[in-house]
Amino acid sequence: MASTPAGSARTRVHVVSDVHGNARDLARAGDGADALICLGDLVLFLDYADHSRGIFPDLFGRENADRIVELRTARRFEEAREFGRRLWSGIGADRATAIEQAVRRQYAEMFAAFPTPTYATYGNVDMPPLWPQFARPGTTVLDGERVEIGGRTFGFVGGGLRSPMRTPYEISDEEYQAKLDAVGEVDVLCTHIPPEVPELVYDTVARRFERGSRALLAAIRRTRPRYALFGHVHQPLVRRMRIGATECVNVGHFAGTGKPWALEW
């Protein structure tokens with residue numbers, strides 16, 4: 001377990017999630033805090049609020065971005081995948097190489113914006129194999145691991161579960177369970193996705209239920225952390241609720257708000 005000294009009588013931690021390319025605000029997200037926690041999704045593939053932003057419109061243009069958002073919002077996922085395949089075949093480029101190059105450019109900017117110290121885990125749209133190439137001293141990457149901050153134990157579980165969206169870092173329920181088991185009992189449980197509670201997983205703008213984790217919900221009930229912090233759902237029906245002894249908090253869509261959520265003790 002890594003650790004950081006308590007430093008002073010009180011500790012303040014800022015938490016962000018779903019950064020999606022917002023490097024400008026990320027550079028200020030740690031101001032006034034003893035540490036920054038990032039719950040993933042650094043990459044901006046497609047901005048559902050502004051279809052001109054992200055890797056997809058950079059490659060294929062705004063009109064095609066409008067169309068794929070329309071299909072995904074209507075949950076016509078197979079049509080969206082077929083539409084995407086036609087676009088890729090039309091530009092004659094290697095898809096994996098083109099995406100990785102774009103992600104690398106975004107990661108260079110995002111990781112440079114992290115303050116020291118930062119504790120980060122992966123989101124479902126992230127590419128974990130690339131992170132060691134960009135994480136500088138002062139940034140600790142954790143997944144299925146724990147860290148002590150200001151005398152409290154924080155556990156981190158990154159990634160998302162498999163879904164029709166087929167984003168880059170989706171794992172099986174069994175893999176997710178194993179990471180939760182490795183973390184065990186902590187004061188603050190930090191994940192990218194929420195527990196599987198309807199009010200926490202429903203996105204009111206996208207008008208769909210995102211994937212939450214039943215295993216995470218069970219772990220919260222079993223281990224009773226003080227807080228369970230997460231992101232993933234950009235416009236949830238409910239941002240905060242108690243599950244037994246645990247305060248469950250969606251820390252917000254940082255790409256849209258530019259504001260971190262603060263925890264102080």
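**Stop 1: the second largest pocket**

Start with the lining of the second largest pocket, which by class splits into six nonpolar, four polar and four charged residues. You're looking at a predicted model, so take the whole tour in that spirit. The volume of this pocket comes to about 210 Å³. To centre your view, select Gly54, Ile55, Asp58, Ala102 and Gln106, the closest to the pocket centre of the 14 lining residues. Now colour helix H2 (55–60) and helix H5 (95–113), the elements that each give two or more residues to this lining. H5 gives the most, with seven residues.

**Stop 2: off the end of H5**

Follow the chain out of H5 and select Pro117, in the loop between H5 and strand S4 (118–120). Check the peptide bond from Thr116 to Pro117: this one is cis, with omega near 0°.

**Stop 3: the cavity**

Next, hide the surface and go inside. How many cavities of 30 Å³ or more does a search of the whole structure find? Just one turns up, and the space in this largest cavity is about 30 Å³. Select Leu180, Val183, Gly184, Leu189, Ala219, Arg222 and Thr223 to see its lining. Helix H7 (173–183) and helix H9 (214–223) each supply at least two of those residues, and H9 has the largest share, with three. By class, the lining of the largest cavity holds four nonpolar residues, two polar and one charged.

**Stop 4: Asp203 and its company**

Jump to Asp203, in strand S11 (residues 202–203). Is Asp203 buried or exposed? Its relative accessible area is 3%, so Asp203 is buried. Show sticks for Arg208, Val233, His234 and Gln235, which Asp203 touches once residues up to four places away in sequence are set aside. Then draw two distances from the Asp203 side chain. One goes to the backbone nitrogen of His234, at 3.4 Å; the other goes to the backbone nitrogen of Gln235, also 3.4 Å. For a third distance, try C-alpha to C-alpha from Asp203 to Pro236: they sit 4.7 Å apart in space, with their positions 33 residues apart in sequence.

**Stop 5: Glu210 and His232**

Stay in this part of the chain and pick Glu210, in the loop between strand S12 (208–209) and H9. Glu210 has 14% relative accessibility, so it counts as buried. Beyond its neighbours within four places in sequence, Glu210 is in contact with Val201, His232 and Val233.

Click on His232 from that list. His232 belongs to the loop between strand S13 (227–230) and strand S14 (240–243). Its phi is near 75°, a positive value in a residue other than glycine. At 12% relative accessibility, His232 counts as buried.

**Stop 6: Arg166**

For another positive phi, select Arg166, a residue other than glycine with phi near 55°. Look for Arg166 in the loop between strand S8 (160–161) and strand S9 (170–171). What is its relative accessible area? The figure is 58%, so Arg166 is exposed.

**Stop 7: strand S16**

Finish on strand S16 (residues 261–264) and colour its two faces separately. Trp261 and Leu263 make up the covered face, while Ala262 and Glu264 are on the uncovered one. Add strand S2 (residues 12–16) to the selection: S2 and S16 run antiparallel and are joined by four bridges. For a last click, take His14, which stands opposite Ala262 in S16.

Notes
Residues numbered from 1 in each chain as written. Predicted model: local features only at pLDDT ≥ 70, side-chain atom pairs only at ≥ 80, totals over all residues. Heavy atoms only, no water. 1 Å grid on protein atoms, 1.4 Å probe; cavity = no way out; pocket = protein on both sides within 12 Å on 5 of 7 lines; lining within 4 Å. Points joined across faces, edges and corners; volume = space filled by probe spheres on them. Nonpolar A, V, L, I, M, F, W, Y, C, P; charged D, E, K, R; others polar. Buried < 20%, exposed > 50% of the residue type's maximum accessible area, 1.4 Å probe, protein only. Contact = heavy atoms within 4.5 Å. Polar contact = N/O pair within 3.5 Å; in protein donor to acceptor, adjacent residues only side chain to side chain. Pairing = 2+ DSSP bridges.
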